[in-house]
Amino acid sequence: MTTMTTRTVEYAADGLTMIGHLALPAGVGRRPAVLVGPEGMGLSDVERRRADALAELGYVALAFDVHGGRYLGDPEEMLARCMPLLADPDRMRGIGHAALGVLRAESRTDPDRIGALGYGTGGAIALELGRDGANLRAIGTVNALTTGRPGETARIRCPVWAGVGSEDPIMPPAQRDAFSAEMQAAGVDWRLVVYGGALHAFHHPTVDHPTVPGVGYHPRHAQRAWHDVIGLLTECLPVTE
């Protein structure tokens, strides 16, 4: 009996050598695939484990890198890199398309059945791929209610699911409203779930280094958000033998 396998992949993006984590499901045939984007701190074992969990469910999954193999545990260093990145849709799209190209090139990937899942900065990148017209079947984001350039959201070709904590100071009600209005005006098939009492990055287990204010783990809602994400993938990217 074969099992899920993993390997490290290197590729160029944003002037850096990115180091991603590719998880392959058991078997030999083509399968639907999912990009998994990390929080602003960068790719960690949290996203690697999520990619592995998706592979166990039958998906090809690539947890992609945003900082050239680095994990930025210093909040000031993280913000110094992420804030200019989040303000530059073209840079985000470049990082996303590079990872998407790696995933498409994998022989196990069905290139017509790919979704993008992202957390924080990784979620913003997933949304920018959609706004750039990428051929995706689903986009899921957690605490990434970013808005785009006028008119480009109409290029999103798939359902969008977004989750956010009700007490997230980084994604406050005004940001939720702006995101919702943009999606609705563009005619996107969209959903927004607000998890009561949750802070920013509520899905991410507590880390052993300083974080920006307003971050906090909420185990119950983290599990619920994961179930909601799997529901999105099951609807839009069902795994068939």
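Select Gly133, just after helix 4: this residue takes a positive phi of about 85 degrees. Helices here are DSSP runs of H or I with at least four residues, strands are runs of E with at least two, and both are numbered from the N terminus.

The model is predicted, so local features need pLDDT of at least 70 and side-chain atom pairs count only at pLDDT 80 or more, while totals for chains, interfaces and linings use all residues. Residues are numbered from 1 along each chain as its sequence is written, and side-chain values use heavy atoms, with hydrogens and water left out.

**Stop 1: helix 4**

Now select residues 121–131. This is helix 4, and 11 of its 11 residues are buried. Buried means under 20% relative accessible area, exposed over 50%, and partly exposed in between, with a 1.4 Å probe and protein chains only. Among the buried residues are Thr121, Glu128 and Arg131.

Pick out Gly122, also in helix 4. Its relative accessibility is 0%, so Gly122 counts as buried. Which residues does Gly122 touch, leaving aside those up to four places away in sequence? They are Gly37, Pro38 and Phe64. Contact means heavy atoms within 4.5 Å. Then find Leu145: Gly122 and Leu145 are 23 residues apart in sequence and 11 Å apart in space, C-alpha to C-alpha.

**Stop 2: helix 3 against helix 4**

Add helix 3, residues 89–105. The axes of helix 3 and helix 4 come within 8 Å and cross at roughly 95 degrees. Axes are lines fitted to C-alpha atoms, for helices over the stretch in contact, and angles run from 0 to 180 degrees between N-to-C directions. Helix 3 and helix 4 are therefore roughly perpendicular. Angles of 65 to 115 degrees count as roughly perpendicular, under 35 as roughly parallel, over 145 as roughly antiparallel, and the rest as oblique.

Show the side chains. From helix 3, Pro89, Met92, Arg93, Ile95, Gly96 and His97 meet Ala124, Ile125, Glu128, Leu129 and Arg131 of helix 4. By class, this contact of helix 3 with helix 4 has 6 nonpolar, 2 polar and 3 charged residues. Ala, Val, Leu, Ile, Met, Phe, Trp, Tyr, Cys and Pro count as nonpolar, Asp, Glu, Lys and Arg as charged, and the others, Gly among them, as polar.

**Stop 3: helix 2 against helix 3**

Bring in helix 2, residues 75–86. Helix 2 and helix 3 pack at about 100 degrees, with their axes 6 Å apart. That makes helix 2 roughly perpendicular to helix 3. Arg81, Pro84, Leu85 and Leu86 of helix 2 make the contact with Arg91, Met92 and Ile95 of helix 3. The residues divide into 5 nonpolar, no polar and 2 charged.

**Stop 4: the largest pocket**

Select Glu39, Gly120, Thr121, Ile170 and His200. Of the 42 residues lining the largest pocket, these lie nearest its centre. Which elements give two or more residues to this lining? They are helix 2, helix 3 and helix 4. Helix 2 gives the most, with 6 residues.

**Stop 5: two loop residues**

Go to Asn143, in the loop between strand 6 (138–142) and strand 7 (160–165). Asn143 has a positive phi of about 45 degrees although it is not a glycine. At 1% relative accessibility, Asn143 counts as buried.

Finish at Ala201, in the loop between strand 8 (190–195) and helix 6 (219–236). Ala201 is not a glycine, yet has a positive phi of about 55 degrees. At 7% relative accessibility, Ala201 counts as buried.

Technical notes:
On a 1 Å grid over the protein atoms alone, a cavity is a set of points where a 1.4 Å probe fits but cannot get out, and a pocket is an open set with protein on both sides within 12 Å along at least five of seven lines; lining residues have an atom within 4 Å of a point.
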